[in-house]
Each structure stands twice: as C-alpha cells, then as structure tokens.
There are 2 protein chains.
Amino acid sequence: MTEARAVGTKGVPREERETQIVRAGTEEFGRNGYAGASMVEIARRVGVTKPLLYQYFGSKDGLYLACLHRAGDRLTEGVAETMAEEGEPPERMPLAVLSAIFETFDNDRYAWKLLRDPTVPSTGEIAGVAVDYRYRLDGFALVGAAQLMRSRGLDDERDIEAIAQVWTGVVDSLISWWIDQPDQDAAAMTERCSRIMRNLFGW
Amino acid sequence: MTEARAVGTKGVPREERETQIVRAGTEEFGRNGYAGASMVEIARRVGVTKPLLYQYFGSKDGLYLACLHRAGDRLTEGVAETMAEEGEPPERMPLAVLSAIFETFDNDRYAWKLLRDPTVPSTGEIAGVAVDYRYRLDGFALVGAAQLMRSRGLDDERDIEAIAQVWTGVVDSLISWWIDQPDQDAAAMTERCSRIMRNLFGW
DNA sequence: TTGAGGTAACTTACCCTAGGGTCATTTACC
DNA sequence: GGTAAATGACCCTAGGGTAAGTTACCTCAA
C-alpha cells in the first residue's frame with residue numbers, strides 16, 4: 001500500500017518537475033504579474049512545496065527568468081520566422097503573425113502575458129531581460145507597421161510608432177479573450193480573426 | 001524665518017491634500033498596479049508621510065478605491081455622453097470616444113490604467129468595484145461593436161465580443177503610447193488617430 | 001493684543017503579517 | 001551506502017497598519 005508520503009522523493013525526475021514548475025509559474029505570473037504572484041501558490045499548484053522551487057531555480061527571480069526566457073524565445077522565434085516569409089501584401093502580415101502565435105501558445109496561453117508584465121521591478125536582471133524581449137517584439141511590430149504605411153505612401157514616424165504599439169495591444173487583447181474561451185483552439189482563433197479583419201477593414 | 005519643519009501642520013487643508021494624494025496615488029497605482037504600488041512611495045511623492053494617508057483614506061484599499069472611483073466615474077460618464085449623441089455612422093463612434101477620453105484625461109493619463117489593473121486581488125471590495133466599472137465599459141464597447149457589425153449585416157455573438165475586447169485593448173495601447181509622449185496634447189492625439197483610421201481602414 | 005484652549009494637520013516610532021529565502025533532515029532508488 | 005527528490009520548520013525583511021505625540025492656526029474673552 002503506497003501512501004502519498006509527506007516527505008521524501010516522489011520519484012519525479014528533476015527535468016520533468018522543472019517543466020511542471022515553469023508551466024505553473026507561467027500561468028501564475030501571467031495571471032497575477034510578477035508582483036502579485038506567490039511562490040507558495042505556484043508550488044501548491046504543482047503539488048510540491050516551496051523549498052523545491054528554490055532548490056531548482058534559486059529565487060523568485062530565477063523562476064521568473066526561466067518562464068520569461070521560455071516564453072520570449074518561442075515567441076520571438078515564431079514571429080521572426082513568419083515575418084521572414086516574404087511575398088504577401090503587408091495587410092496579410094498581421095493575420096500570419098497571429099496564426100503563428102496562436103499555434104505556438106495553444107497550450108500555454110498565459111506565456112504572452114509575461115512579455116508585457118507591468119509589475120516587474122524596474123531594475124535588476126529581470127527588468128533587463130524583459131526590456132530586451134519587448135524591444136525585439138516592438139521591433140517586429142515597427143517593421144510591420146512601417147511596411148504597411150509605406151505601401152500606402154505614408155511614413156510619419158510617430159504614426160508608425162503608435163500603430164506598432166496598438167498592434168501589440170491588439171494581440172494582447174485577443175489573447176486575453178482567448179484565455180477566457182478554452183473551447184476555441186488555435187485554428188478557430190485564426191479563422192475568427194481572419195473573418196473580422198475581412199469584414200471590418202476589407203483586409 | 002519659517003524653516004520647513006519636520007513635524008506639525010504645514011497649513012495645507014485636508015481637501016487639497018486629499019486631491020494631491022489621489023493624483024499621486026493614481027499615477028503610482030497606474031504605473032505599478034495595485035500589488036506593485038507602495039504607500040510610502042505615494043506619500044513621498046506628495047511630500048508627506050504614510051500615516052497621513054491612513055488618516056485620510058483608512059487603508060491602501062481605501063486610497064485605491066478613491067482613485068478608482070474618480071477615474072471610473074469620469075470615464076464612464078464621458079463615454080456615456082459621447083455614445084448618447086446619435087446620428088453618426090458607427091465607424092465614427094470610435095474616434096468620438098477616443099477624443100472624449102483624451103480630453104478628459106489629458107492631465108491624468110494614468111487614470112485609465114486603474115480600470116484595467118490586473119493585479120487587484122480577486123476578492124474584496126476593490127474587486128467588486130473594479131469589476132463593476134469594467135462591466136460598464138465593456139458594455140459600451142459591446143454596444144459599439146454590435147452597431148458596427150450590424151451595420152454590415154453581421155451578428156456573430158462571439159465576434160462582437162472579441163471585437164469589443166480588442167477595442168478596449170486599443171484604447172489601452174493608445175494611452176500607453178500617449179503617456180510616453182508628454183508633448184502630445186489631447187487634440188494632437190485625436191487628430192493622429194483620425195488620420196490613422198482614415199489611412200488604414202478608410203474610416 | 002494677547003494669550004489660553006481647542007482643533008486640524010502632520011510626524012516619529014513602533015507593531016504585525018505575508019511572503020521571499022534557507023537549513024537540516026527524511027525517503028526512495030540504484 | 002551514495003545520491004537525488006523532497007519536506008517541516010525556521011529566519012528576515014518589506015510593507016501595510018497604528019498609537020501617541022508635536023506644531024500651527026483659529027477663536028474668543030479679558
């Protein structure tokens with residue numbers, strides 16, 4: 001009779017446990033932000049206690065960084081790939097990027113939230129890394145916005161900047177909505193966005 | 001020789017002080033969210049110490065509520081008025097609402113952020129009030145989105161819902177950008193948005 | 001006009017808890 | 001018996017919250 005024991009190994013290898021923790025952490029951080037999230041709560045979700053998190057990740061910052069890197073790398077890679085595929089008119093780019101994001105994060109919808117967490121302290125390593133990822137994402141958005149505007153003979157620097165920022169906000173909103181709609185899979189989201197853009201803007 | 005003394009009254013009447021505190025609080029809460037903001041820091045910005053905040057507002061929650069109510073009331077009133085003015089085609093509504101928001105919050109740009117603070121605890125009075133304001137704002141957005149879609153013969157419930165959510169996200173992004181552009185006044189922002197919508201969507 | 005007392009504005013110095021972080025120890029498996 | 005997985009019980013600090021006292025101003029009687 002193997003009781004669930006309170007102390008001692010549960011036979012889960014480190015790598016697997018780390019993955020579980022990062023996933024739970026991503027959701028918790030995504031939901032409540034860095035400042036609002038609690039290590040005990042993350043541990044509880046995994047079915048483990050706090051010291052294990054510290055043994056594996058060193059600190060709250062360490063865990064946050066692990067989550068942030070996983071989310072940031074996957075995201076920037078996915079977007080970079082999509083935007084590298086040339087040939088389409090710039091109105092098509094937004095949908096392509098959205099589709100890539102939906103596909104990548106279908107099972108990890110809170111990941112995107114880490115990239116826009118306003119509650120990370122403004123100094124320290126986390127701040128640096130977060131700024132870096134945001135900088136890269138904003139870069140993609142700027143390129144896309146500039147292409148779109150130029151294709152219409154426009155090039156007001158600040159208009160482009162504003163559009164880029166609105167774009168990342170749109171992605172954010174769509175993901176927030178998606179989080180509340182667990183039954184919608186990536187394909188359904190892409191299709192919905194496609195339909196809406198066609199109907200509202202003729203894109 | 002009247003030295004700045006460390007203790008004792010500074011002759012600032014309560015009402016005026018309260019206004020200062022609410023303004024500073026709004027900025028601090030807007031910047032860092034409820035969870036990330038610190039009472040000592042808010043006091044420091046006003047040039048006063050923490051106990052005064054507690055004497056005037058009772059608690060962190062009390063101060064947050066004061067800020068939230070001021071922001072929420074002004075916002076919902078402004079938007080309600082704008083949307084009550086009928087007659088325009090639904091494509092015009094977004095710009096009208098934006099203009100109203102810019103005019104109302106030109107000197108208080110962080111106020112909007114309180115309405116979308118993800119770090120407020122999920123239970124308690126604040127949660128209730130915040131949900132209430134958000135509910136009202138989302139209501140306006142839903143009405144606007146529905147009008148827009150219906151004017152094109154469409155009525156998919158969830159498309160409308162998604163559009164409404166994206167819309168509030170767009171407002172949020174524009175305000176974030178605006179916060180970083182102190183030289184842009186309300187009129188300039190309205191004009192910029194007008195130009196962009198015309199150029200990108202033909203609205 | 002002066003000064004005594006009452007009140008409003010404000011601070012110093014403290015308490016208390018939530019939550020980040022650590023240590024020593026226990027269990028399971030090879 | 002050595003090592004990896006895991007915990008109970010603890011420490012420490014940041015920050016929310018409070019008690020008690022200090023200063024400035026206003027008022028009104030003498």
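**Entry 1. Helices 7 and 8 of chain B**

I call a crossing right-handed if the near helix is turned clockwise from the far one by less than a right angle. With that in hand, I looked at helix 7 and helix 8 of chain B in this predicted model and found their crossing to be right-handed. I noted which residues make the contact. Helix 7 of chain B gives Leu137(B), Asp138(B), Ala141(B), Leu142(B), Gly144(B), Ala145(B), Ala146(B) and Met149(B). From helix 8 of chain B come Asp159(B), Ile160(B), Ile163(B), Ala164(B), Trp167(B) and Thr168(B). Sorted by class, the residues of this contact are 10 nonpolar, two polar and two charged.

I then took the geometry. Helix 7 (residues 125-150) and helix 8 (residues 157-179) of chain B pack at about 125 degrees, and their axes are 8 Å apart. The angle therefore makes helix 7 of chain B oblique to helix 8 of chain B.

**Entry 2. Helices 4 and 7 of chain A**

I moved to chain A, where I counted nine helices and zero strands. Helix 4 (residues 60-84) of chain A packs with helix 7 (residues 125-150) of chain A at an angle of about 15 degrees, the axes being 10 Å apart. Angles under 35 degrees count as roughly parallel, so I entered helix 4 and helix 7 of chain A as roughly parallel to each other. Their crossing is left-handed.

On the helix 4 side of chain A, I listed Asp61(A), Tyr64(A), Leu65(A), Leu68(A), Gly72(A), Thr76(A), Val79(A) and Met83(A) as contact residues. Those on helix 7 of chain A include Glu125(A), Ile126(A), Tyr133(A), Arg136(A), Phe140(A) and Gly144(A). The class count for the contact of helix 4 with helix 7 of chain A is 12 nonpolar, three polar and three charged residues.

I also noted the extent of chain A: its C-alpha atoms fill a box of roughly 70 × 40 × 25 Å along the principal axes.

**Entry 3. The two copies**

I superposed chain B on chain A. A rotation of 180 degrees does it, with 0.0 Å of shift along the axis and an RMSD of 0.0 Å. The two copies are thus related as by a two-fold rotation axis. I checked the contact surfaces as well: 100% of the contact residues of chain B recur in chain A, the same surface serving both copies.

At the interface I found 26 residues of chain B in contact with 26 residues of chain A. Helix 1 (14-36), helix 8 and helix 9 (186-201) of chain B each supply at least two residues to the side that touches chain A. Helix 8 of chain B gives the most, with 13 residues. By class I have 11 nonpolar, 10 polar and five charged residues on that side of chain B.

**Entry 4. The DNA strands**

I looked up what lies around DNA strand C and found 27 residues, the closest being Gly8(A), Met39(A), Lys60(A), Lys10(B) and Arg14(B). Helix 2 (39-46) and helix 3 of chain A, and helix 1 and helix 3 of chain B, each supply at least two residues of the surface near strand C. That surface has 12 nonpolar, nine polar and six charged residues.

For DNA strand D, I again have 27 surrounding residues, with Lys10(A), Val12(A), Arg14(A), Gly8(B) and Lys60(B) closest. Two or more residues each come from helix 1 (14-36) and helix 3 (50-57) of chain A, and from helix 2 (39-46) and helix 3 (50-57) of chain B. I entered the classes near strand D as 12 nonpolar, nine polar and six charged.

Technical notes
Residues numbered from 1 in each chain as written. Chains lettered and ligands numbered in written order. Predicted model: local features only at pLDDT ≥ 70, side-chain atom pairs only at ≥ 80, totals over all residues. Axes fitted to C-alpha atoms, helices over the stretch in contact; angles between N-to-C directions. Helix = DSSP H or I, 4+ residues; strand = E, 2+ residues; numbered from the N terminus. Parallel < 35°, antiparallel > 145°, perpendicular 65-115°, else oblique. Contact = placed C-beta atoms within 7 Å. Nonpolar A, V, L, I, M, F, W, Y, C, P; charged D, E, K, R; others polar. Near = placed C-beta within 6 Å. Least-squares fit on C-alpha atoms with pLDDT ≥ 70 in both.
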